[in-house]
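Here's a walk through how the parts of this model fit together. Take a look at the structure first, then read on.

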Amino acid sequence: MKKTNQSSHGNPFVNFFSSIKLAVFLLIALAATSVIGTVIPQGESFQFYLERYGPGMYKLIRTLHLYDTYHSWWYVTLLSLFALNLTVCIGRRLPFTLNLVRRDSLGLGPDKLRRMRINHQWKLGKPLAEVKGELLPLLKEVLGGAREREQEGGVLLLKESGKWSYWGIYLLHASIVIIMLGALVGSFWGKKGNIVLMEGDSTDHFISRGGVGKPGSRVPLGFEVKCERFVVQFYDNGAPKEFRSDLVIYEDGKKVKEKDIRVNDPLEYKGFTFYQSSYQGIPEVLLKFVISDGQEINVSIPAYEQRLLKGVGVAYGIMQFMPQIHGVPAAKIWFGQFRGTPPQAFWLVKGHDREIKIGDKIVKVSMVDAKQKYMTGLQVKKDPGVWIVWVGCLGLILGFIVVFWIPHRRTWIWIGEEEGKGVVILAGQANKGKLAFEETVKELNLRIDTALRERSWV
Amino acid sequence: MGITNSTLLGFSTFIYLGAAFLYLLHWVFRLKKVGVLATGVTVLGLLVQTAGILLRWVESYKMGYGHAPLSNLYESLVFFAWCTVLVYLVLEWRIKTRVVGAFATPFAAMSMAYASFSPRVRDSIEPLIPALQSNWLIAHVITCFIGYAAFAVACGLGIMYLVRGDSKGDGIISSLPERRVIDSLMHQTIIFGMIWLSTGIITGAVWANQAWGTYWSWDPKETWSLITWIVYGVTLHARFVQGWRGKKIAVLSIIGFLSVFFTYFGVNFLLSGLHSYGSQ
């Protein structure tokens, strides 16, 4: 904001927070400290910092919250001070701008006009009374859309544009505060978290990551999300081409919305937005057990899950999976301890059955088939502050445009009489884009000059 | 295979190097005709480069995964050079002085040379990964790079101002524009860059919100763009409020561009984050 010369103001608090020096200091402090969080990795475990930086630095990192710099007490304090500073600056400057906007641009006399940087004067060869009837309408037409007032024995014409542009600086600076408010609303009333869903599964809650609810807690959605299918596609060069989850929303058991979401193309329902964020391939293996007592059991089991083998009563599961070994899938199967038989694990390859002894039974295990199932990772967000942020962003850009490119231009023409002869003074002022304005006034000058000469008044 | 985008972009690299050299000659020996030639060569370079960029766009479609050539480090360097030349030519046309070219075109030439010759920069056309498949990519990259280009030109003007010093007489130094003129140009260019940088940050936020669900995640690239924004914000206030002019602003303009440079390269090479695809 522009410099204000008044230094005496009753309230020391207001004085302190309206100082532009404080603003610059805070900005520099914010810029300098922002570097920290780009150099020290953020959001890692305490163990990570201890190992990487040693005990001394680790203590500093913990004390100053450098593992989450931008949400640390001191960084948030700097941001808040900056917001306060901006707000006070805005409030304190308002009266000056009001005066500026209200000031009477028609209250000027010829002497003031002559002192302006852009001015031109014509001395007419005739008394004003003789030409006024024709001159005044002529000048009004040349100037276009002017206001007029009797001034110091003559008439002052004024054409003014862009007076409102003085408010641009407020729009610009207030927008920064608005953006910060939007962020604040989001952090107080926003919800964010994750959902992990196997294909075919559904959920009515998500795991909080911050905002409302402690990290790790379950937050209800109020409806149900189901992942019908997850699809991943790759380009020929191996780079990922598409991650897609086919989602369906159920409310009170009824299907209310469905959408195939991709990165950059989320689903929205009741203020919640679901984003595609990650995925994991989970192999599912179809096993056949033939037990020595004649029982035959077929099971489909996802990797890393534990099951109980009926008919024997032993726990088992898949601890490792290879989709391709010599062209066929293979899985490492484990069996728990069972009545004297120690735990055992072995690789089972499709097409190669294995016979093992568990307790007093012989079990033949074979892999019938294996297929890849997917688990999709979704991000969930509800941010009531986001539209406030967008309003602020829009205001910021508009503010910039007004502040830098909309000039306040004033062009005056005074006609009067001095020493018994008519006088015409043209003068102009612009607060920015001065070169372009000078050109405009020059043109005006030429038109007036030509008109005066045509009538032989000069 | 005929003319490919690499052929044309390779040509434009040499044309820009030639143009930078001609602008330098024009300045040092004050040869008006060389200056006119320099402008002609620069315009030619811009045309060839534009054709190269368009051809690259077409080629990507022929490869089956068409996208605007704004998706990796190579393409961004090429686009940066393109913007810088464009911003400079507009400036030259407006102020009718060619000396600034000796300080502005080298940025474009260096960017193209780095893109073409550095082994770190892969120039192959690659398909877009899911995170980049968005129309916001184009808006975000274009706005950011117009900003960067303006700041590069402002930095060139800053260097020019410092070189100019307050020497009088008729040496090569004093053939530079008046200090008052350089100062005003620098100010205008910074304002121009600031508006584009702001728009670039905002389009990035809109995009991030759509792809990841957060408009701001303090990723190193985001943070550094904010730092850059603050540096130029402080520069503008130093001028408006403290009345700083000339030398101090020239220094700030150079510091600002260093910050731009770090946002662009330093973050990619030294820090990790969401913008990692910009480093290949």
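## Where two chains' helices cross

At what angle do helix α2 of chain A and helix α7 of chain B cross? In this predicted model, the axes of α2 (residues 20–39) of chain A and α7 (residues 220–240) of chain B cross at roughly 160 degrees and come within 9 Å. An angle over 145 degrees counts as roughly antiparallel, so that's the label for α2(A) and α7(B). Their crossing is left-handed.

Who's touching whom here? On the α2(A) side, the contact is made by A:Ile20, A:Val24, A:Leu27, A:Ile28, A:Leu30, A:Ala31, A:Ser34, A:Val35 and A:Thr38. Facing them from α7(B) are B:Pro220, B:Thr223, B:Trp224, B:Ile227, B:Ile230, B:Val234 and B:His237. Sort the residues of this contact by class and you get 12 nonpolar, four polar and no charged.

## The whole interface between A and B

Now zoom out from that helix pair. Across the two chains, 45 residues of chain A are in contact with 40 residues of chain B. Together, the chains bury about 3,600 Å² between them, and 73% of that is on carbon and sulfur atoms.

Three residues on the chain B side are worth finding: B:Pro130, B:Tyr215 and B:Trp218. They supply 18% of the area that chain B buries against chain A, which is more than any other three residues do.

## Chain B and its two domains

Chain B is assigned two domains: domain 1 covers 1–127 and domain 2 covers 129–280. Their C-alpha centres lie 19 Å apart. Domain 1 of chain B brings 29 residues to the contact, and domain 2 of chain B brings 37. Between them, about 2,800 Å² is buried, with carbon and sulfur atoms giving 79% of it.

## Two helix pairs inside chain B

Start with helix α1 (residues 5–29) and helix α2 (residues 32–62) of chain B, which pack with their axes 8 Å apart at an angle of about 160 degrees. That makes this pair roughly antiparallel, and the crossing of α1(B) and α2(B) is left-handed. Their contact has a few charged residues in the mix: the split is 19 nonpolar, nine polar and three charged.

Next come helix α4 (residues 101–117) and helix α5 (residues 136–164) of chain B, whose axes come within 8 Å and cross at roughly 140 degrees. α4(B) and α5(B) are therefore oblique to each other, and their crossing is right-handed. From α4(B), B:Phe103, B:Ala104 and B:Phe107 meet a set of α5(B) residues: B:Ala152, B:Val153, B:Cys155, B:Gly156, B:Ile159, B:Met160 and B:Val163. By class, that contact has nine nonpolar residues, one polar and no charged ones.

## Chain A and a pair of its domains

Chain A is assigned four domains. Domain 1 is 12–100 and domain 4 is 282–373, while domain 2 (106–162 + 407–454) and domain 3 (173–281 + 376–398) are each written as two stretches.

How far apart are the C-alpha centres of domain 1 and domain 3 of chain A? They lie 29 Å apart. Six residues of domain 1 of chain A are in contact with five of domain 3 of chain A. The two bury about 430 Å² between them, 93% of it on carbon and sulfur atoms. On the domain 1 side, A:Ala83, A:Leu86 and A:Ile90 supply 70% of the area that this domain buries against domain 3, more than any other three residues.

Notes
Residues numbered from 1 in each chain as written. Chains lettered and ligands numbered in written order. Predicted model: local features only at pLDDT ≥ 70, side-chain atom pairs only at ≥ 80, totals over all residues. Heavy atoms only, no water. Axes fitted to C-alpha atoms, helices over the stretch in contact; angles between N-to-C directions. Helix = DSSP H or I, 4+ residues; strand = E, 2+ residues; numbered from the N terminus. Parallel < 35°, antiparallel > 145°, perpendicular 65-115°, else oblique. Left-handed = near helix turned anticlockwise from the far one by under 90°. Contact = heavy atoms within 4.5 Å. Nonpolar A, V, L, I, M, F, W, Y, C, P; charged D, E, K, R; others polar. Domains from an automatic or database assignment. Buried area = accessible area lost by both parts, 1.4 Å probe.
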